[in-house]
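The following exercises are to be worked with the sequence and the three-dimensional structure at hand. Attempt each task before reading its solution.

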Amino acid sequence: MKHCKICGLGEDYTNIRFNDDGVCNYCEFYEAHKDMLEDTEQLEQAFRQKMEHAKAKARAAGADYDCLVGFSGGKDSTYIIYQLKETYGMRVLAFTFDNGFSTEYGRNNIENALAKLHVDHISFSMDDQKLRKQYSACVKLLHNFCSVCFHYMHYYSYRFAGQHKIPLIVNGRTSGQILQCADSTRGIEPFESCNHLKEFEYQMFHGLEERSDRAGRMDYLKDIEAEAVSYFAYHDVSEEETMRFLEEKIGWVRPQGVSGHADCFAHAMAEHMSIEKRGFPVRTGELAVLVRRGKLTQEEAAAMLQQDFENFREVPQETKDRFYQRISI
Ligand SMILES: [Zn+2]
């Protein structure tokens, strides 16, 4: 198989193209915008301005909170809440979407973090039958189900922000997640930010949301305006730094065992489906971003992906059963 000579992505990767020098379209895009994407001082300043703008807006609207943050109990959301409150002086409302996939580890982290962070928190769940139908349909059609969680998490964030006049929603997508399929600036932070759910879904799903919109299947809450900002598009913090910081500040506990996402019991299934359908693990594009940025070597990324193949090519029957039980109608 052909591989990009800079980031190592293979020719089976989503919408990849290679130039005559064997460099992929994602590396070309990164190289063309590197100065801006790596100017950490400028980016932090832009983020700070957004926070000040949100505070002024919340004050003017008489809102009780300056921002809403999706809170899974994982390291990224916990870290962001800490920073927003302590470094940026934001009044944060933490918001957990209870999707029925949480783990004991995640729940313990939520409890511990809330006791230390002193922010208000709400947890909500939606009609379970409706949710099961969406998961089942998505698995059948797309061999994927994480997008259902993303959609509802953001849908309800926007609804809640609208109801409570909260002007800003901060999310914990990593720079790898943001840039993994970036070959144009459209809908990509920090180049473009968005103020409506539909624009945010464009960032997440790249066009899939337009097809569903035309079909009239989605309610995009057109009247609700809130800026959606990805903390890690403006801050260069490694996973290791995030974890160390939280261990020190709030006695956070690292997940044990297989890679990341310890706050969702279905993560192994998501990986398994990605390998079956797309031929590569979930974090393939995210690791390629780290290679492009010089944070990992191609060999290190390849070894991590090899580990994912070994961990998730097969999943235990017990995990499969539990997953299908959770989504069955
Ligand atoms: Zn590349």
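The model is predicted.

**Exercise 1. Strand pairing**

Determine how many bridges join strand E2 to E3, and place E3 in its sheet.

Solution.
- Step 1: Strand E2, residues 92–97, is joined to E3 by five bridges, and the two strands run parallel.
- Step 2: One position to locate is Leu 93, which stands opposite Asp 120 in E3.
- Step 3: In the wider setting, five strands form an open sheet in the order E3-E2-E1-E4-E5, with parallel pairing.
- Step 4: Strand E3 (120–124) is an edge strand, as is strand E5 (227–230), for each pairs on one side only.
- Step 5: From one strand to the next, the twist averages 25°.

**Exercise 2. The surroundings of helix H11**

Explain why helix H11 is described as largely enclosed by the rest of the structure.

Solution.
- Step 1: Helix H11 spans residues 267–277. Its buried residues are His 267, Ala 268, Met 269, Ala 270, Glu 271, His 272, Met 273, Ser 274 and Ile 275.
- Step 2: Nine of the 11 residues are therefore buried, and the rest of the structure largely encloses H11.
- Step 3: The elements covering these buried residues include helix H6 (146–163), helix H13 (298–312) and helix H14 (317–327).
- Step 4: After H11 comes Gly 279, which has a positive phi, near 90°.

**Exercise 3. A residue within H11**

Decide whether Ala 270 is buried or exposed, and state which residues Ala 270 touches.

Solution.
- Step 1: Ala 270 lies in helix H11.
- Step 2: A residue is buried if 20 or more other C-beta atoms lie within 10 Å of its own. Ala 270 has 20 such atoms within 10 Å, so Ala 270 is buried.
- Step 3: Leaving aside residues up to four places away in sequence, Ala 270 touches Phe 145, Cys 146 and Val 282.
- Step 4: Val 282 is 12 residues from Ala 270 along the chain, and their C-alpha atoms are separated by 7.6 Å.

**Exercise 4. Two packed helices**

Classify the packing of helix H12 against H13 by its angle.

Solution.
- Step 1: Helix H12 (residues 284–292) packs with H13 at an angle of about 165°, and their axes are 9 Å apart.
- Step 2: Angles over 145 degrees count as roughly antiparallel; H12 is therefore roughly antiparallel to H13.
- Step 3: From H12, the contact is made by Thr 284, Leu 287, Ala 288, Leu 290 and Val 291; from H13, by Gln 298, Ala 301, Met 304 and Leu 305.
- Step 4: Sorted by class, this contact of H12 with H13 has seven nonpolar, two polar and no charged residues.
- Step 5: The crossing of H12 and H13 is right-handed.

Technical notes:
Residues are numbered from 1 along each chain as its sequence is written. This is a predicted model: local features need pLDDT of at least 70, side-chain atom pairs count only at pLDDT 80 or more; totals for chains, interfaces and linings use all residues. A residue is buried if 20 or more other C-beta atoms lie within 10 Å of its own, exposed if 12 or fewer, and partly exposed in between; C-beta atoms are placed from the backbone. Helices (H or I, at least four residues) and strands (E, at least two) are DSSP runs, numbered from the N terminus. Two residues are in contact if their C-beta atoms, placed from the backbone, lie within 7 Å. Two strands pair if DSSP finds at least two bridges between them. Axes are lines fitted to C-alpha atoms, for helices over the stretch in contact, and angles run from 0 to 180 degrees between N-to-C directions. Angles under 35 degrees count as roughly parallel, over 145 as roughly antiparallel, 65 to 115 as roughly perpendicular and the rest as oblique. A crossing is left-handed if the near helix is turned anticlockwise from the far one by less than a right angle, and right-handed if clockwise. Ala, Val, Leu, Ile, Met, Phe, Trp, Tyr, Cys and Pro count as nonpolar, Asp, Glu, Lys and Arg as charged, and the others, Gly among them, as polar.
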